[in-house]
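Colleague: I have a model open and want to walk through it with you. Let me put it on screen, then start with the pairing.

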Amino acid sequence: MTKKYIIPLIVILFCMACNKKNKYVTDEITFPVEEGYAEEVNFDATPINIMDSLHYEDTLGDVIEYEYEGLLPAADGPGIEYNLTIWAQERSQEGVFSLSTTYLEDSYGESHTYTIVGKKQTLHRKREDKEEIVYELIPQDGTSSLYLCVDGDSLIVLNQAMEHMSPVSNYSYALKRKK
């Protein structure tokens, strides 16, 4: 008789355990986080001051703020708005960044904004007999780096192999510098 109740009880407990999501807690504010995705921005939480991570040396000049924005393609929506701010000293190859991405109108008609912060490294490489400058944005949360090729006042988003991507429809992979 007890065997008859044990199996359904195990199935119920298993379903309950599989249905739980990870929680991210910041200043007593808890919200669910799907595994494998960045955390949604919570403006009520205490923000991380990424400027505290900027390595400053007197000989490298003033800290300069660079801001870029652009609309890039999305697989299941009208696009992703990128807002990138980089802080670096004038003559430094390193810096810090904050990147906000807004996924416009998902399948439910809602938009979602995510923010990552981290370090910026400047890489130099030769491509087609031309010197290129590539920024590697290394997120503080350990997710994959983002590679951006400097092209005048724009940054071109590269894939993980640091290759230029083919344009999609009316979109380019460029972030334009704000004036």
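Colleague: How many bridges join strand 9 to strand 10?

Modeller: First, this is a predicted model: local features need pLDDT (the predictor's confidence in each residue, from 0 to 100) of at least 70, side-chain atom pairs count only at pLDDT 80 or more, and totals for chains, interfaces and linings use all residues. Residues are numbered from 1 along each chain as its sequence is written, and side-chain values use heavy atoms, with hydrogens and water left out. Strand 9 covers residues 154–158 and runs antiparallel to strand 10. The number of bridges joining them is three.

Colleague: Which residue in strand 10 stands opposite L155?

Modeller: Strands here are DSSP runs (E, at least two residues), helices are H or I runs of at least four, and both are numbered from the N terminus. Two strands pair if DSSP finds at least two bridges between them. Opposite L155 in strand 10 stands L175.

Colleague: In strand 10, which residue is the bridge partner of E69?

Modeller: Strand 3 (residues 63–74) also runs antiparallel to strand 10 (residues 174–177), with two bridges joining them. One position to look at is Y68, which stands opposite R177. The strand 10 partner of E69 is K176.

Colleague: Over how many bridges do strand 3 and strand 4 pair?

Modeller: The two form a hairpin with two residues between them. In it, G70 stands opposite Y82 in strand 4. Strand 4 covers residues 77–89, and its antiparallel bridges to strand 3 number eleven.

Colleague: How far from K120 is the nearest side chain of opposite charge?

Modeller: K120 lies in strand 6, residues 112–127. K120 is buried (under 20% relative accessible area, 1.4 Å probe, protein chains only; exposed is over 50%, partly exposed in between). Lys and Arg count as positive, Asp and Glu as negative, with His and the chain ends not counted. K120 has no salt bridge (a side-chain nitrogen of Lys or Arg within 4 Å of a carboxyl oxygen of Asp or Glu), and the nearest opposite charge, on E94, is away by 9.0 Å.

Colleague: With which side chain does the side chain of K120 make a polar contact?

Modeller: A polar contact is a pair of N or O atoms within 3.5 Å; within protein, one must be able to donate a hydrogen and the other to accept it, and residues adjacent in sequence count only if both atoms are side-chain atoms. Leaving out residues up to four places away in sequence, K120 touches (heavy atoms within 4.5 Å) several residues, including I86, F97 and Y135. The polar contact, at 2.9 Å, is with the side chain of T122.

Colleague: Why does E128 count as exposed?

Modeller: E128 sits in the loop between strand 6 and strand 7 (130–139). E128 has a positive phi of about 50° although it is not a glycine. E128 counts as exposed because its relative accessibility is 68%.

Colleague: What is the phi of M162, roughly?

Modeller: Most residues other than glycine have a negative phi. M162 lies in the loop between strand 9 and strand 10. M162 is not a glycine, yet its phi is positive, at about 60°.

Colleague: Over which residues does pLDDT stay under 50?

Modeller: The chain's mean pLDDT is 78, and 72% of its residues reach 70 or more. Confidence is highest in strand 8 (residues 146–151), at 96, and lowest in strand 1 (residues 22–26), at a mean of 37. Where pLDDT is low, the predicted coordinates should not be read in detail. The stretch under 50 is residues 13–47.
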